[in-house]
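Open the model in your viewer and keep a selection panel at hand. The tour goes from strand to strand, then to charged pairs, and ends with backbone geometry and the surface.

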Amino acid sequence: MFSPTDQQHMAEALRLAEKGLYTATPNPRVGCVIVRDGEAIGSGWHEKTGGPHAEIMALRAAGARARGATAYVSLEPCSHHGRTPPCADALIEAGIARVVAAMQDPNARVAGGGFAALRAAGIEVESGLMQEEARALNVGFVARMSRGRPWLRMKIAASLDGGTALANGRSQWITGPEARRDGHAWRARACAVLTGIGTVRDDDPQLDVREIETTRQPLKVVVDSRLQLPLSAKLLASGRVLVAAAVDDKNSIAALRDKGAEVVVLPNAQGKVELAELLRELARRELNEVHVEAGVKLNGSLLVAGLVDELLIYLAPSILGDGARGMFSLPELTDLAHRRLVQFGGVQTIGGDLRILARVVN
């Protein structure tokens, strides 16, 4: 059983881990607190890849007082040599007596190995404290490690009756400035922002993070089966761009590469981009969270393919009518038993709009 004191220190470790929300990728967001005689004597969090892990930062702060102390860490300490040495070894060498972890590392290279090394050294190990909170913080890392594709979050801005754009494609702006700023915060935490060629043609978006401060811009990914992306597109003006195509048109590919973009050709049997393979490719590139801002067709295709994990929907206090474009282009249902279900996770007012978070169930 975990004590109220254990709960308090793990909550602090998770608060520290959240500081890496925008910067830790592709590594997990991890926080650590070292406690001796009821007093926190060292703490740290993992800021960026290649930098010291949370445990190392906390041990440095604690110094010699770490001997005999308890370490609270939001993820199992690593036990392998990656970009940095194993944290389990550092905890052992520092003389830590007890380690409390929120969850086991889903990375197959660790997955219990860190706990085993600590126990073999005589350290008391307990895990599972505030596990759900820790998983939620690293939902993308867990998804990539456990199933080989990133967590896909689809952002949609719509009127109260579900309209995302007028019939002519115009959609700027359905929601208010506060909702747009909030959307940029979700962009910033993602590893990639994904859109389709239709959205590029209609809106010519930049797809970068501008409304909040960030030290890292996500990769821009465009699904463009026939390589129709205009070389004048705003999203090509800055940042990293990956174009997913279904045709191997060498001239178009060369022109995009001259603009600094990378092109991958991933056709399916229908002559379109194989979306599941695209997500596997993004996982191979160590991308944890993908943020989708696309149109009705790509939204529908991703949903039908079973690739959407979460919906981030902003509903504006307006009505666009039957002529407006909807959220998803989907096959007609003839039986309600075939409807797609979601589980609401949170509803919040953002400025004058309503933000809904929902997990896709089936």
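Begin by selecting strand E6 (residues 151-159) together with E12: the two run parallel and are joined by seven bridges. This is a predicted model. To find the register, pick Ala158, whose bridge partner in E12 is Leu315.

Now keep E12 alone on screen. Strand E12 covers residues 310-316, and seven of its seven residues are buried. In a regular strand the side chains alternate between the two faces of the sheet. Show the side chains here: Glu310, Leu312, Tyr314 and Ala316 point one way from E12, while Leu311, Ile313 and Leu315 point the other way, and all are buried.

Which strand pairs with E12 in the antiparallel sense? Select strand E14 (residues 353-360), which pairs with E12 over six bridges in that sense. For a point of reference, label Leu312 and its bridge partner in E14, Leu357.

Return to E6 and add E11. These strands pair in the parallel sense over four bridges, and Leu152 stands opposite Val290 in E11. Next add strand E7 (residues 192-196), which also pairs with E11 in the parallel sense, over three bridges. Ala192 stands opposite Val290 in E11, so Val290 is a useful residue to centre on, given that Leu152 stands opposite Val290 too.With E11 still selected, show its side chains. Glu289 and His291 point one way, Val290 and Val292 point the other way, and all are buried.

The next stops are charged pairs. The structure holds 22 salt bridges. Side chains of opposite charge can pair when their charged atoms come close.

Select Glu126 and Arg98. They form a salt bridge in which the closest N and O atoms are 2.8 Å apart. Glu126 lies in strand E5 (residues 124-127) and Arg98 in strand E4 (residues 98-101), so the pair ties together parts that are 28 residues apart in sequence. Are these two residues buried or exposed? Glu126 is buried, and Arg98 is buried as well.

Move to Glu293 and Lys155, whose side chains meet in a salt bridge at 4.0 Å, N to O. Glu293 lies in the loop between strand E11 (289-292) and helix H11 (296-304), whereas Lys155 lies in strand E6, so this pair ties together parts that are 138 residues apart in sequence. Glu293 is buried, with a relative accessible area of 12%. Lys155 counts as buried because its relative accessibility is 16%, and buried means under 20%.

For a pair with other accessibility values, select Arg284 and Glu277. The closest N and O atoms of this salt bridge are 2.6 Å apart. Arg284 is exposed, with a relative accessible area of 51%, and Glu277 counts as partly exposed at 21%. Then select Arg29, Arg153, Arg189, Glu289, Glu310 and Arg359: salt bridges that share partners join them into one network. Glu289 was seen on E11, and Glu310 on E12.

Switch to backbone geometry. Most residues other than glycine have a negative phi, and most peptide bonds are trans. Where does the model have a cis peptide bond? Zoom to Thr25 and Pro26, which are joined by one, with omega about 10°. Pro26 is found in the loop between helix H1 (4-17) and strand E1 (31-36).

Two residues with positive phi come next. Leu207 has phi near 65°, a positive value in a residue other than glycine. Leu207 lies in the loop between helix H8 (197-203) and E8, and is buried, with a relative accessible area of 2%. Glu286 likewise has phi near 65°. Look for Glu286 in the loop between helix H10 (275-284) and E11. At 31% relative accessibility, Glu286 counts as partly exposed.

Finish on the surface. Select Arg201, Arg226, Lys272 and Lys297, which gather in a patch of positive charge. Of these, centre on Arg226, in the loop between strand E8 (219-223) and strand E9 (241-245). Arg226 counts as exposed, at 58% relative accessibility.

Conventions
Residues numbered from 1 in each chain as written. Predicted model: local features only at pLDDT ≥ 70, side-chain atom pairs only at ≥ 80, totals over all residues. Heavy atoms only, no water. Patch = residues over 30% accessible without salt bridge, like charges linked within 9 Å, V, L, I, M, F, W, Y side chains within 5 Å. Areas by Shrake-Rupley, 256 points an atom, 1.4 Å probe, with all protein chains shown as cover. Lys, Arg positive; Asp, Glu negative; His and termini not counted. Charge placed at Lys NZ, Arg CZ, Asp CG, Glu CD. Buried < 20%, exposed > 50% of the residue type's maximum accessible area, 1.4 Å probe, protein only. Pairing = 2+ DSSP bridges.
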